[in-house]
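Dear colleague,

Please find the structure that we discussed handed over below. My findings follow it, arranged by topic.

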Amino acid sequence: MKKVILFAIVASAISFTSCVKERDCTCTSSYTPAGGTAITTTQVYTYKDVTKRQAKNNCISMTYTDAAAGVHTEDCKLN
């Protein structure tokens, strides 16, 4: 009986640990200069030995305007 309880405790502890593995973040970047045509690129970033939460915190989308009134947009998705 003690072995069954010990096995259940160990199995339960293993199931609560985070799964650490390689995760990909695909980002589509776009730059539109003031009054110009957008330039778009796509890049894949690979995060190794991270949990899903850590990868999600690093794979972020953003938009900002530079000093020349150009707009930078980065749309990122965790795969």
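Helices and strands are named here as DSSP runs, with at least four residues for a helix (H or I) and at least two for a strand (E), and they are numbered from the N terminus. Please note that this is a predicted model.

Overall architecture

The protein has two helices and four strands. Read from the N terminus, these elements follow the order α-β-β-α-β-β. Of the 79 residues, 13% count as buried. Among contacts between residues at least 6 apart in sequence, 51% join residues at least 24 apart.

Strand pairing

Strand β4 pairs with both β1 and β3. Eight bridges connect β1 with β4, and these two strands run antiparallel. Within that pairing, Thr-32 stands opposite Val-71 of β4. Strands β3 and β4 are also antiparallel, with four bridges joining them. Tyr-64 has His-72 in β4 as its bridge partner, while Thr-63 is matched with Thr-73 in β4. The two strands β3 and β4 make a hairpin with five residues between them, and in the turn Ala-69 has a positive phi of about 70°.

Disulfides

How many disulfides does the structure hold? There are two. When the bonded cysteines are numbered in sequence order, the pairing reads 1-3, 2-4.

One disulfide is formed by Cys-25 and Cys-59, with 2.0 Å between their sulfur atoms. Cys-25 belongs to strand β1 (residues 21–32) and Cys-59 to the loop between α2 (52–58) and β3 (62–65), so this pair ties together parts that are 34 residues apart in sequence. The torsion about the S-S bond of Cys-25 and Cys-59 is about 75°, and the disulfide is therefore right-handed. Both partners are shielded: Cys-25 is buried at a relative accessible area of 1%, and Cys-59 is buried at 9%.

The other disulfide links Cys-27 and Cys-76, whose sulfur atoms are 2.1 Å apart. Cys-27 is located in strand β1 and Cys-76 in strand β4 (residues 71–78), so the pair ties together parts that are 49 residues apart in sequence. Here the S-S torsion is about 115°, so the disulfide of Cys-27 and Cys-76 is right-handed. Cys-27 is buried, with 3% relative accessibility, and Cys-76 is buried as well, with a relative accessible area of 9%.

Nonpolar core

Which residues make up the largest nonpolar core? The core has seven: Cys-25, Cys-27, Tyr-47, Val-50, Ala-55, Cys-59 and Cys-76. The elements that contribute two or more residues to this core are β1 and β2 (39–50). As general background, nonpolar side chains tend to be buried together in soluble globular proteins.

The surroundings of Cys-76 show how the cysteines are arranged. Apart from its neighbours within four places in sequence, Cys-76 is in contact with Cys-25, Thr-26, Cys-27, Cys-59, Ile-60 and Ser-61.

Charged residues

Where is Arg-23 found? Arg-23 is in strand β1. Arg-23 is buried but has no salt bridge, and the nearest side chain of opposite charge, that of Asp-24, is 9.6 Å away. A salt bridge requires a side-chain nitrogen of Lys or Arg within 4 Å of a carboxyl oxygen of Asp or Glu, so a distance of 9.6 Å to Asp-24 does not qualify. Leaving aside neighbours within four places in sequence, the contacts of Arg-23 are Tyr-45, Thr-46, Tyr-47, Val-50, Thr-51, Lys-52, Ala-55 and Leu-78. Among these, Tyr-47, Val-50 and Ala-55 are also members of the largest nonpolar core.

Side chains of opposite charge can pair when their charged atoms come close. By the rule used here, the count comes to one salt bridge. The side chains of Asp-75 and Lys-77 form this salt bridge, at 3.4 Å from N to O. Is Asp-75 buried, partly exposed or exposed? With 37% relative accessibility, Asp-75 counts as partly exposed.

In closing, I would draw your attention to two points. The Cys residues of both disulfides belong to the largest nonpolar core. Arg-23, in contrast, is buried and has no salt bridge.

With kind regards

Terms used. Residues numbered from 1 in each chain as written. Predicted model: local features only at pLDDT ≥ 70, side-chain atom pairs only at ≥ 80, totals over all residues. Heavy atoms only, no water. Disulfide = S-S within 2.5 Å. Buried < 20%, exposed > 50% of the residue type's maximum accessible area, 1.4 Å probe, protein only. Pairing = 2+ DSSP bridges. Lys, Arg positive; Asp, Glu negative; His and termini not counted. Contact = heavy atoms within 4.5 Å. Core = buried A, V, L, I, M, F, W, Y, C linked by side-chain atoms within 4.5 Å.
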